[in-house]
Amino acid sequence: MTPPASTPTLRDASCADDYDPNSMPVDKARALITRFLTPLTSTERVPVRSALGRVLAEDVISPINVPAHDNSAMDGYAVRFADLKSAVDVSLTVVGSSFAGKPYVGKMQADEAVRIMTGAVMPPEADTIVMQEHAQVENGHVTIGIGHRKNQNLRRAGEDLAIGQIALKRGLPLRPAEIGLISSIGIGEVTVFRKLRVAFFSTGDELVSIGSIPGEGQIFDSNRYTIHGMLTRLNCEVIDMGVVRDDPALIEAAFATAAANADVVITSGGVSVGEADFVRDMLNKLGEVLFWKIAMKPGRPLAYGKIGGAHFFGLPGNPVSVMVTFYQFVRDALLVLAGQNPVPPLPTFKVSCSSALKKAPGRTEFQRGILSQDAAGAWSVRVTGEQGSGILRSMSEANCFIILPTDQGNVAAGALVEVQVMEGVV
Ligand code: AMP
Ligand code: MG
């Protein structure tokens, strides 16, 4: 996923010939959303340790050579290749040592060697390292046999990274490896994009928050807590706006506040048939929003658009649908908006499915699966139990999505299926 060159209008997009809001393929919806994503531009300076999970807003240029000096890749002896013979052993005088952090300070002469440890600076007169296993020391002399190559077992100054070279590129999310790499070149502060601000609320008269007692027919709101978790994992700045009743005036006010304070607004519930009507009218007044029935299961209804300057994702109400639509549409979009570039698709791979799967052609399904290894070390996947879109336990038990393509019918036990691992993502 890469940000678009220019931003078209939602109306242009919805006028395309093959646009069908009542049966929108997953890929098509993703591609359409991608066209409207303009990444953040504001940045801030943060200490390198606090930059974990943030996105680099400028290239990191190396101020030094890495390694800084020619140094030894082995424990052994630094020698001048010219002193070695091609046919007979030679004996060299050991005149000193070079340790990591404590170089040899003398000047090596002909027929001399310096004891050297891994990572220690090469004496400038030496050009070759003979590993200690290929050398015999006795009485301050080292005997070296034949068959050595000039410059062997050396690490050259700047061979990993030269002064002025780009160490890390703008757009890269920083993981522990990058934090270490930045530190390795002596940089203590980096410029990152500011965090993406995401406001979210749940809609529904039936919902109560934790701490209240549900009345007749009421349920605890879980989506807001799931969404809070998913956004926090993505390093967003979260604005939790609570539960909003199914009341047009309250919902309109909530949308206006959310859009004024955030880069992205996410709601759950209220986009299904019957409920969508007043939300649609209102959003068309406040901004430009498309309502889709995505050809996927779970997670059919989805709304996407702009309210003022903010992006809007209207997720379905069912708790599993919320998570699936978030990971299949919202996650990548948030990463693009947060400045990450490129945003590679999450990896998938094929694995044997040990259970038979029920599937009707016509929609892409994201069943919840458990990948496990048998005694011989082979991996296979099985489905978590019931796949109802209200059963959040299926997400908790799962460690992968089993992705069944649109045209796929029932899957026989033992067939190969595509899986997307949740570890590190969900
Ligand atoms: P809706 O899309 O608003 O018609 O909701 C679909 C289903 O999801 C209904 O059974 C709702 O009760 C349920 N639901 C909606 N919002 C939430 C929420 N925040 N937490 C838990 N369940 C919800
Ligand atoms: Mg509702």
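A residue is near a molecule if one of its heavy atoms lies within 4 Å of that molecule. The model is predicted: local features need pLDDT of at least 70, side-chain atom pairs count only at pLDDT 80 or more, and totals for chains, interfaces and linings use all residues. Residues are numbered from 1 along each chain as its sequence is written, chains are lettered from A and ligands numbered from 1 in the order in which they are written, and side-chain values use heavy atoms, with hydrogens and water left out.

**Exercise 1.** Describe the shell around ligand 1 by residue class.

Solution. Step one: 16 residues surround ligand 1, and the closest are Glu206, Asp221, Ser222, Gly270 and Glu275. Step two: the shell comprises 4 nonpolar, 9 polar and 3 charged residues. Here Ala, Val, Leu, Ile, Met, Phe, Trp, Tyr, Cys and Pro count as nonpolar, Asp, Glu, Lys and Arg as charged, and the others, Gly among them, as polar.

**Exercise 2.** Identify atom pairs that link ligand 1 to glutamate 206, asparagine 223 and glycine 270, and state how much of ligand 1 is buried.

Solution. Step one: a side-chain N or O atom of glutamate 206 is 2.6 Å from an oxygen atom of ligand 1. Step two: a nitrogen atom of ligand 1 lies 3.2 Å from a polar side-chain atom of asparagine 223. Step three: a polar backbone atom of glycine 270 is 3.1 Å from an oxygen atom of ligand 1. Step four: ligand 1 taken alone exposes 480 Å², of which the protein buries 79% (Shrake-Rupley method, 1.4 Å probe).

**Exercise 3.** State the domain bounds and locate domain 1 relative to domain 3.

Solution. Step one: the assignment, automatic or from a database, gives domain 1 (10-42 + 194-337), domain 2 (44-66 + 159-193), domain 3 (71-155) and domain 4 (348-421). Step two: taken over C-alpha atoms, the centres of domain 1 and domain 3 are separated by 67 Å.

Conventions: A polar contact is a pair of N or O atoms within 3.5 Å; within protein, one must be able to donate a hydrogen and the other to accept it, and residues adjacent in sequence count only if both atoms are side-chain atoms.
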